[in-house]
Amino acid sequence: MSKSKIDRKTLKPATKLASAGREFAEHGMVNPAIYRASTITFPDMATLKSAKQPYIYGRRGTPTSRAIETAIAELEGGFDCRVAPSGVAAITTTMLAFLKPGDHVLVTDAVYGNTRDLCNTLLARLGVEITYYDPVIGEKLRTLIKSNTKMVYLESPGSQTMEVQDVPLLARIAHEAGAIAVLDNTWSGGYYFNAFAHGCDISIQAATKYITGHSDCMFGSVVCNETTWPRFQEAYGLMGLFAGPDDMYLALRGLRTLDLRLERHMKSALVIAEWLREQPEVETVLYPALSNAPGHALWKRDFTGASGLFSIILKPTTNKSVAAMLDDMDLFSMGYSWGGFESLILPIQPIRVASSWAANGPALRLQIGLEHPDDLIADLARGFKRLNAAT
Ligand SMILES: *Cc1c(COP(=O)(O)O)cnc(C)c1O
C-alpha cells in the first residue's frame, strides 16, 4: 500500500475506508499488528539524541496508533488525528487545549450531557465563561459573541433532539470573531458530514459509536485542521493521553465496514421512521433524513447520508404505559450509547437552559441496528399494543 502512486484525495469515500492507514501494516499483512509497547529501544546514542526514530516511546505513538489515526484523519478530510480512550476524553482534551481562564466559549444547548457537565464543573472552576446558545440560533449567534470568545462548540444534529445546525454559518461567525469552531461529529460517523468542508477547525467523534460499530469498545477521536493541530497535539501529549492498542485495532476493524453499516442503518431507519410517523401513538418523528422533519432542509444541503439514530415524541401518556412498552421489547434493548449493530430504545429527558424543548408527551430515542426492519417494526407494534393496554 505504501508504494501507491495515486492521489488518495481523488478516491471515493468507500475506497478510502478500505485502504486508509494500511501502510502501517508490515510483512505483507493486510492489517497492522497490535503493538503493546512502553519502552522502544534505540540502536545507538546518535539515533537517541537525534530524535529521528519514528517511534520513541509507547505513549507517543506506535504503528497501531498511526494506522487508526491516519485512517480517521483521511476519512474526515482533516490534517491529522489523535485517538483517546473515550469520546468524553477527546472532548475534554480539546476544550482544555484551547480554553484558559478568562476565555469565553459558546456551547450548543443540545450538547451531549457529559460535555455540559464538563463545562459546568471543571471548565467553570478554571474560570472559563460558558454561554449556551439555541442550537438553531443562526445569525443571532453574533449577539452572543464577546471580546473573549475563543471557541464555538457545535454538535449537529444534537444526539437526543436532532436539531441540525447551520454549521457553515456558525463557523463563519466564530472565525469573524477570531474564535475556532469545534464540532461533535459523532452522529454522521465523520462519514456523512465533512466538518472541514463546512468550515470547522476540529471534528470530534465518540468513535465508541459508529466507527467501532460493535458496542465492544470505548474510543474517541479528534481530527484537526493544520492551524489547530500544533496546539491540540501539545495538549494531548501533556495530558498523557493514549488509547489501548486492542481498542485501536477494534476501531480500525470497525472503520473498514463503516460505509456498508451506515448505508443499512440509514435504509432501515428511514423505513421505520416513516412507519412511526403513521402511528396514532406518535406525535412527531425527529429524524433529519425524513422529508418534512425538523432540520430536513439543512440536512439535505450539508449531509451526504444519515445514521440510524433518531428520536420520537409520543402523544401524551403515562409513565406506566411507556414502561409497559419498553420493559418487554424483544429486539430493542434499553441502554446508553449507540452506533452498534443492535437496536436500542431509550426514554430521554432533554435539558435546556438557553432554548425551549417543546414536547407534550414522552420522548424516546431509537438506534436502528442491523436487524431486518420488518422484525423491528413488529417489535415496536407489539410495544404500542402494550402501551395502549396500560393506559
Ligand atoms: C456517546 C457520546 C459522547 C461520549 O462518548 P464516550 O465514548 O461514551 O465517552 C460524546 N458525544 C456524543 C454525541 C455521544 O453520543
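These legends accompany close-up views of two pockets in a predicted model.

Residues are numbered from 1 along each chain as its sequence is written. In this predicted model, local features need pLDDT of at least 70 and side-chain atom pairs count only at pLDDT 80 or more, while totals for chains, interfaces and linings use all residues.

**View 1. The largest pocket and its centre.** Here is a pocket (on a 1 Å grid over the protein atoms alone, an open set of points where a 1.4 Å probe fits, with protein on both sides within 12 Å along at least five of seven lines). Its volume, the space filled by probe spheres set on the points, is about 690 Å³. Of the 34 lining residues, meaning those with an atom within 4 Å of a point, Tyr-112, Gly-113, Asn-114, Ser-159 and Gln-160 lie nearest the centre.

**View 2. Who builds the wall of the largest pocket.** Helix 4 (87–98), helix 5 (113–125) and strand 10 (344–348) each give two or more residues to this lining, and helix 5 gives the most, with 4. Helices (H or I, at least four residues) and strands (E, at least two) are DSSP runs. Because domain 1 (8–256) and domain 2 (258–390) both contribute lining residues, the largest pocket lies between them; the domain bounds come from an automatic or database assignment.

**View 3. The second largest pocket.** This one has a volume of about 580 Å³ and 25 lining residues, with Lys-16, Ala-73, Glu-74, Glu-76 and Gly-77 nearest its centre. Helix 1 (13–19) and helix 3 (63–76) each supply at least two lining residues, and helix 3 gives the most, with 6.

Terms used:
Heavy atoms only, no water.
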